[in-house]
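Welcome! Have a look at the structure below, and then read on for a short tour of some of its cysteines and a part of its surface.

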Amino acid sequence: MFNYLRKRFTSHIRERSRRRARLVSKDGRCNIEFGNVEQSRFVFLIDIWTTILDLRWRYKMTIFISAFLGSWFLFGLLWYVVAYIHKDLPEFNPSINHTPCVENINGLTSAFLFSLETQVTIGYGFRCVTEQCATAIFLLIFQSILGVIINSFMCGAILAKISRSKNRAKTITFSKNAVISKRGGKLCLLIRVANLRKSLLIGSHIYGKLLKTTITPEGETIILDQVNIEFLVDAGNENLFFISPLTIYHIIDKNSPFFHMAAETILQQDFELVVFLDGTVEATSATCQVRTSYIPEEVLWGYRFAPIVSKTKEGKYRVDFQNFSKTVAVETPHCAFCLYNEKETKAKEKKGYDNPGFVLSEVSETSDTKM
């Protein structure tokens, strides 16, 4: 038992030491931070709407509660000041014929309650503004208008946060690993993607970026250099009919950055394959982007995905997500260069080649014989 735990602990430490930093996590979040930004943070207040939407829920709810409580308390103080200046409070011993600016404000607590009733339009009828003070009437109008603005902004921010297309992206899932195997006689890198909802993504488009470190001929080192990776499905990569899981593939040809990689050397490579899926949500018409990434340890050479779609006896199509990321070992060339050399060799064997320097000369036979 002790030896087993020691082996598991050792393998865990070895795996963590080999774990590579990645720009995009499996769930699509970007692992990047900005330092020494010269612009002031007040520039984020210019686009306050986007700033509020990007906040985490705990900060958003804190601002939501603080905005209402702060406005209620601030206007409560103003109502108390109005009552204090007009000498409506009990400590001033107003006469029986005294008409206050606001009925039944006896202190700061009652002023706060009146502020709350005014802004949320509860109106119990016990406290109300009289026509005695123009200042109180103006304050009532100003608080009512400001209350509508606060309600509209905060409720709109909460609704927009809930209905953001980022939440729709969580129901689009990619396979845990990418595989490399032959498809249609060509060596391809394959990834499986599925839509967990029955509602479609309209105008879906799939593409990829290979992030790696390159050194230019001038000696400049570029970290996170981006190389376009074209992904296809059998019907093309535009306007996908995304009703069932799809297997997208990238053809590893001479223009592919994977062309010079092999099964023995792919784990020594330093790259990150980021896959994007763009589309429009059918229910809300909002654009949506889903992304994930694969590092060399997550690219399996010589495997293909297990079948996932079957047809039942009732004529229905059944998708078994238990096999969604399951892979099966298949016979695969250990490099793309070898596969293309093999094809060229076989093609040359089937062809004949003419020698342009060869001239056929005809020899005429004579039947004359001399006796």
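## A tyrosine on the surface

Y124 counts as exposed, because its relative accessibility is 61% and the cut-off for exposed is over 50%. Please keep in mind that this is a predicted model. Along the chain, Y124 sits in the loop between α5 (108-119) and α6 (134-162).

Y124 also has partners: together with V120, I122 and F126 it forms a nonpolar patch on the surface. The accessible area of these four residues together is about 410 Å².

## The disulfide

How many disulfides does the count come to? The count comes to one disulfide. C101 and C133 form this bond, with their sulfur atoms 1.7 Å apart. The pair links distant parts of the chain, 32 residues apart: C101 is in the loop between α4 (57-85) and α5, while C133 is in the loop between α5 and α6.

The disulfide is left-handed because the torsion about the S-S bond of C101 and C133 is about -45°.

## Buried or not?

Now for the surroundings of the cysteines. C101 has a relative accessibility of 1%, so C101 counts as buried. Its disulfide partner C133, with a relative accessible area of 10%, is buried too.

Two further cysteines can be looked at in this way. C188 is buried, at a relative accessible area of 1%. C128 has a relative accessible area of 35% and is therefore partly exposed.

Definitions and conventions. Residues numbered from 1 in each chain as written. Predicted model: local features only at pLDDT ≥ 70, side-chain atom pairs only at ≥ 80, totals over all residues. Heavy atoms only, no water. Patch = residues over 30% accessible without salt bridge, like charges linked within 9 Å, V, L, I, M, F, W, Y side chains within 5 Å. Areas by Shrake-Rupley, 256 points an atom, 1.4 Å probe, with all protein chains shown as cover. Salt bridge = Lys/Arg side-chain N within 4 Å of Asp/Glu carboxyl O. Helix = DSSP H or I, 4+ residues; strand = E, 2+ residues; numbered from the N terminus. Buried < 20%, exposed > 50% of the residue type's maximum accessible area, 1.4 Å probe, protein only. Disulfide = S-S within 2.5 Å.
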